[in-house]
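Notebook open, model loaded. I'm jotting down what I look up as I go.

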Amino acid sequence: MIKPIVRLAPSPTGRLHIGTARTALFNYLFARKNKGKFIIRLEDTDKKRSTLEFEEDIIKYLKWLGLESDAKIEQQMERLEIYQKYAARLLKEKKAYFCFCSKEELDEERQRQLERKQPPRYSGKCRNLNQKEIDRFKKVRMKPTIRLKVPDERGMIKFKDLIRGEIKENAGLIGDFVMMKSDNVPLFFFAGVIDDYLQKITHVIRGEDHISNTPKQILLLEALGITRPAYAHLPLVLGTDRSKL
(Lines give C-alpha, C1' and ligand atoms only; values in the text may rest on other atoms or scores of the structure.)
Protein backbone atom coordinates (compact mmCIF):
# COMPACT_ATOMS: atom_id res chain seq x y z
CA MET A 1 0.00 0.00 0.00
CA ILE A 2 1.26 3.49 -0.84
CA LYS A 3 1.73 5.82 2.08
CA PRO A 4 -1.67 7.49 2.47
CA ILE A 5 -2.31 11.20 2.76
CA VAL A 6 -5.59 11.95 4.50
CA ARG A 7 -7.26 15.17 5.56
CA LEU A 8 -9.73 16.65 7.97
CA ALA A 9 -11.57 19.63 6.48
CA PRO A 10 -13.94 21.17 9.03
CA SER A 11 -15.95 24.32 8.38
CA PRO A 12 -15.34 26.96 11.09
CA THR A 13 -19.06 27.67 11.44
CA GLY A 14 -19.27 26.34 14.99
CA ARG A 15 -17.19 24.84 17.76
CA LEU A 16 -15.47 21.48 17.40
CA HIS A 17 -18.16 18.83 17.03
CA ILE A 18 -17.80 15.40 18.61
CA GLY A 19 -18.38 13.84 15.18
CA THR A 20 -15.58 15.94 13.69
CA ALA A 21 -13.23 14.86 16.48
CA ARG A 22 -14.12 11.21 15.86
CA THR A 23 -13.56 11.58 12.11
CA ALA A 24 -10.23 13.25 12.83
CA LEU A 25 -9.22 10.30 14.99
CA PHE A 26 -10.04 7.77 12.23
CA ASN A 27 -8.01 9.78 9.71
CA TYR A 28 -5.09 10.26 12.11
CA LEU A 29 -4.87 6.60 13.12
CA PHE A 30 -5.16 5.42 9.50
CA ALA A 31 -2.31 7.74 8.51
CA ARG A 32 -0.10 6.72 11.45
CA LYS A 33 -0.69 3.00 11.00
CA ASN A 34 0.36 3.22 7.35
CA LYS A 35 3.19 5.74 7.87
CA GLY A 36 1.28 8.40 5.96
CA LYS A 37 0.33 12.04 6.55
CA PHE A 38 -2.61 13.66 8.35
CA ILE A 39 -3.51 17.13 7.07
CA ILE A 40 -5.93 19.67 8.53
CA ARG A 41 -7.44 22.43 6.39
CA LEU A 42 -10.27 24.86 7.02
CA GLU A 43 -13.16 25.06 4.57
CA ASP A 44 -14.20 28.61 5.37
CA THR A 45 -16.09 29.59 2.19
CA ASP A 46 -19.33 30.08 4.13
CA LYS A 47 -18.54 33.75 4.72
CA LYS A 48 -21.66 34.48 6.75
CA ARG A 49 -21.11 31.82 9.40
CA SER A 50 -17.33 31.24 9.47
CA THR A 51 -15.48 33.07 12.24
CA LEU A 52 -11.93 33.34 13.55
CA GLU A 53 -13.22 32.29 16.98
CA PHE A 54 -14.47 28.97 15.63
CA GLU A 55 -11.23 28.42 13.67
CA GLU A 56 -9.19 28.86 16.83
CA ASP A 57 -11.55 26.62 18.81
CA ILE A 58 -11.29 23.75 16.31
CA ILE A 59 -7.50 23.91 16.07
CA LYS A 60 -7.07 24.31 19.84
CA TYR A 61 -9.12 21.25 20.75
CA LEU A 62 -7.77 19.05 17.98
CA LYS A 63 -4.34 19.87 19.37
CA TRP A 64 -5.59 19.07 22.88
CA LEU A 65 -6.60 15.64 21.54
CA GLY A 66 -3.10 15.21 20.13
CA LEU A 67 -4.28 15.51 16.53
CA GLU A 68 -1.97 18.01 14.83
CA SER A 69 -1.54 18.57 11.11
CA ASP A 70 1.54 17.26 9.33
CA ALA A 71 1.40 20.28 7.00
CA LYS A 72 0.54 23.95 7.18
CA ILE A 73 -3.17 24.48 7.89
CA GLU A 74 -4.65 26.02 4.74
CA GLN A 75 -7.74 28.23 4.57
CA GLN A 76 -9.82 28.19 1.41
CA MET A 77 -10.64 31.91 1.48
CA GLU A 78 -6.91 32.55 1.07
CA ARG A 79 -6.82 30.35 -2.05
CA LEU A 80 -9.62 31.88 -4.13
CA GLU A 81 -7.37 32.61 -7.11
CA ILE A 82 -6.55 28.91 -7.38
CA TYR A 83 -10.21 27.86 -7.59
CA GLN A 84 -11.01 30.68 -9.99
CA LYS A 85 -8.20 29.48 -12.26
CA TYR A 86 -9.64 25.97 -12.43
CA ALA A 87 -13.15 27.34 -12.99
CA ALA A 88 -11.82 29.48 -15.87
CA ARG A 89 -10.22 26.38 -17.36
CA LEU A 90 -13.54 24.50 -17.31
CA LEU A 91 -15.27 27.49 -18.91
CA LYS A 92 -12.65 27.63 -21.65
CA GLU A 93 -13.01 23.89 -22.32
CA LYS A 94 -16.84 24.29 -22.52
CA LYS A 95 -17.25 21.94 -19.55
CA ALA A 96 -18.87 24.69 -17.49
CA TYR A 97 -20.94 27.78 -18.27
CA PHE A 98 -22.25 31.05 -16.84
CA CYS A 99 -25.75 30.93 -15.36
CA PHE A 100 -27.71 34.19 -15.03
CA CYS A 101 -30.88 32.72 -13.51
CA SER A 102 -32.08 34.58 -10.42
CA LYS A 103 -32.88 32.92 -7.12
CA GLU A 104 -36.56 33.67 -7.73
CA GLU A 105 -36.48 31.93 -11.13
CA LEU A 106 -34.76 28.90 -9.67
CA ASP A 107 -37.18 28.72 -6.72
CA GLU A 108 -40.16 28.85 -9.10
CA GLU A 109 -38.62 26.15 -11.30
CA ARG A 110 -38.01 23.94 -8.28
CA GLN A 111 -41.55 24.43 -7.00
CA ARG A 112 -43.05 23.47 -10.37
CA GLN A 113 -40.95 20.31 -10.44
CA LEU A 114 -41.99 19.36 -6.91
CA GLU A 115 -45.65 19.91 -7.78
CA ARG A 116 -45.21 17.54 -10.73
CA LYS A 117 -43.46 15.09 -8.38
CA GLN A 118 -40.26 15.39 -10.40
CA PRO A 119 -36.78 15.37 -8.84
CA PRO A 120 -35.59 19.00 -8.59
CA ARG A 121 -32.80 19.75 -11.06
CA TYR A 122 -31.72 22.71 -13.13
CA SER A 123 -33.38 22.91 -16.54
CA GLY A 124 -30.23 24.01 -18.37
CA LYS A 125 -31.77 27.32 -19.42
CA CYS A 126 -28.38 29.08 -19.66
CA ARG A 127 -26.45 26.09 -21.00
CA ASN A 128 -26.14 27.21 -24.60
CA LEU A 129 -25.89 30.99 -24.36
CA ASN A 130 -23.64 32.55 -27.01
CA GLN A 131 -21.08 35.25 -26.24
CA LYS A 132 -23.37 38.10 -27.29
CA GLU A 133 -26.08 36.86 -24.92
CA ILE A 134 -23.57 36.47 -22.10
CA ASP A 135 -22.28 40.03 -22.63
CA ARG A 136 -25.83 41.39 -22.69
CA PHE A 137 -26.80 39.58 -19.48
CA LYS A 138 -23.69 40.83 -17.72
CA LYS A 139 -24.74 44.40 -18.46
CA VAL A 140 -28.30 44.16 -17.20
CA ARG A 141 -28.43 41.38 -14.65
CA MET A 142 -26.70 40.12 -11.54
CA LYS A 143 -23.27 38.53 -11.71
CA PRO A 144 -23.49 34.94 -12.92
CA THR A 145 -22.79 31.74 -11.12
CA ILE A 146 -20.78 29.03 -12.87
CA ARG A 147 -22.36 25.62 -13.43
CA LEU A 148 -20.70 22.36 -14.36
CA LYS A 149 -22.07 20.96 -17.61
CA VAL A 150 -22.96 17.38 -16.74
CA PRO A 151 -22.61 15.30 -19.95
CA ASP A 152 -26.02 14.14 -21.22
CA GLU A 153 -24.65 10.67 -21.86
CA ARG A 154 -22.95 10.29 -18.46
CA GLY A 155 -25.46 7.76 -17.06
CA MET A 156 -24.83 6.05 -13.73
CA ILE A 157 -22.11 7.36 -11.40
CA LYS A 158 -20.60 4.52 -9.38
CA PHE A 159 -17.94 4.50 -6.71
CA LYS A 160 -16.63 1.95 -4.24
CA ASP A 161 -16.94 3.01 -0.63
CA LEU A 162 -14.35 1.24 1.54
CA ILE A 163 -16.98 0.80 4.26
CA ARG A 164 -20.27 0.44 2.35
CA GLY A 165 -19.29 -1.18 -0.93
CA GLU A 166 -20.62 0.09 -4.26
CA ILE A 167 -22.73 3.25 -4.24
CA LYS A 168 -24.34 4.64 -7.39
CA GLU A 169 -26.45 7.55 -8.53
CA ASN A 170 -27.93 8.54 -11.87
CA ALA A 171 -26.18 11.66 -13.22
CA GLY A 172 -29.43 12.59 -14.96
CA LEU A 173 -31.05 13.22 -11.58
CA ILE A 174 -28.29 15.65 -10.58
CA GLY A 175 -28.34 18.04 -13.52
CA ASP A 176 -25.94 20.92 -14.09
CA PHE A 177 -24.98 22.23 -10.65
CA VAL A 178 -23.40 25.44 -9.36
CA MET A 179 -19.72 25.15 -8.55
CA MET A 180 -18.86 28.87 -8.24
CA LYS A 181 -21.15 31.45 -6.66
CA SER A 182 -21.80 34.86 -8.20
CA ASP A 183 -19.20 36.46 -5.89
CA ASN A 184 -16.47 34.18 -7.36
CA VAL A 185 -16.33 32.07 -4.19
CA PRO A 186 -16.44 28.29 -4.81
CA LEU A 187 -18.96 25.88 -3.37
CA PHE A 188 -17.20 23.74 -0.79
CA PHE A 189 -17.32 20.55 -2.86
CA PHE A 190 -15.56 22.26 -5.80
CA ALA A 191 -12.88 23.81 -3.60
CA GLY A 192 -12.50 20.46 -1.82
CA VAL A 193 -11.83 18.62 -5.07
CA ILE A 194 -9.08 21.09 -6.01
CA ASP A 195 -7.54 21.01 -2.53
CA ASP A 196 -7.57 17.21 -2.41
CA TYR A 197 -5.79 17.14 -5.77
CA LEU A 198 -3.15 19.72 -4.89
CA GLN A 199 -2.51 18.16 -1.46
CA LYS A 200 -2.28 14.70 -3.07
CA ILE A 201 -4.99 13.25 -0.82
CA THR A 202 -5.24 9.48 -1.36
CA HIS A 203 -8.16 8.64 0.96
CA VAL A 204 -11.20 10.78 1.81
CA ILE A 205 -12.47 9.52 5.16
CA ARG A 206 -15.51 11.50 6.32
CA GLY A 207 -19.05 11.26 7.71
CA GLU A 208 -21.84 9.55 5.82
CA ASP A 209 -23.65 12.89 5.46
CA HIS A 210 -21.16 13.60 2.66
CA ILE A 211 -22.19 10.61 0.55
CA SER A 212 -24.61 12.82 -1.40
CA ASN A 213 -21.73 15.18 -2.32
CA THR A 214 -19.55 12.42 -3.75
CA PRO A 215 -21.26 12.01 -7.18
CA LYS A 216 -20.90 15.76 -7.82
CA GLN A 217 -17.26 15.63 -6.81
CA ILE A 218 -16.69 12.66 -9.13
CA LEU A 219 -18.21 14.64 -12.02
CA LEU A 220 -15.85 17.51 -11.23
CA LEU A 221 -12.88 15.13 -11.07
CA GLU A 222 -13.81 13.69 -14.46
CA ALA A 223 -14.18 17.16 -16.00
CA LEU A 224 -10.73 18.12 -14.67
CA GLY A 225 -9.11 14.81 -15.64
CA ILE A 226 -8.13 14.04 -12.04
CA THR A 227 -7.88 10.53 -10.60
CA ARG A 228 -10.35 9.80 -7.80
CA PRO A 229 -9.18 9.30 -4.23
CA ALA A 230 -10.53 6.33 -2.28
CA TYR A 231 -13.69 7.09 -0.28
CA ALA A 232 -14.78 5.86 3.14
CA HIS A 233 -17.92 7.27 4.78
CA LEU A 234 -18.23 6.76 8.52
CA PRO A 235 -21.53 6.36 10.40
CA LEU A 236 -22.60 9.50 12.24
CA VAL A 237 -22.54 9.82 16.02
CA LEU A 238 -26.22 10.00 17.00
CA GLY A 239 -28.11 10.49 20.23
CA THR A 240 -31.02 8.38 21.44
CA ASP A 241 -33.38 10.59 19.41
CA ARG A 242 -31.37 9.80 16.24
CA SER A 243 -30.13 13.38 15.91
CA LYS A 244 -26.44 14.32 15.69
CA LEU A 245 -24.76 14.69 19.07
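Helix 6 came up first on my list: F189, F190, A191, G192, V193, I194, D195 and D196 are buried there (under 20% relative accessible area; over 50% is exposed, in between is partly exposed; 1.4 Å probe, protein chains only). That makes 8 of the 11 residues in helix 6 (residues 188–198), so the helix is largely enclosed by the rest of the structure. For the record, helices are DSSP runs of H or I with at least four residues, strands are E runs of at least two, and both are numbered from the N terminus.

Housekeeping: this is a predicted model, where local features need pLDDT of at least 70, side-chain atom pairs count only at pLDDT 80 or more, and totals for chains, interfaces and linings use all residues. Residues are numbered from 1 along each chain as its sequence is written, and side-chain values use heavy atoms, with hydrogens and water left out.

What do the buried residues of helix 6 pack against? I noted strand 1 (5–8), strand 2 (37–42), helix 3 (80–92), strand 8, strand 9 (203–207) and helix 7 (214–224). Contact here is heavy atoms within 4.5 Å. After helix 6 comes K200, with a positive phi near 60°.

Next I checked T23, which sits in helix 1 (residues 18–33). T23 is buried at 11% relative accessible area. Leaving out residues up to four places away in sequence, T23 touches L8, I205, R206, G207 and L234.

Last, the sheet: 3 strands, open, order 4-5-8, antiparallel pairing (a pair needs at least two DSSP bridges). I see strand 4 (96–99) and strand 8 (178–180) at the edges, each pairing on one side only. Strand 4 is joined to strand 5 (residues 145–148) by 4 bridges, and A96 stands opposite L148.
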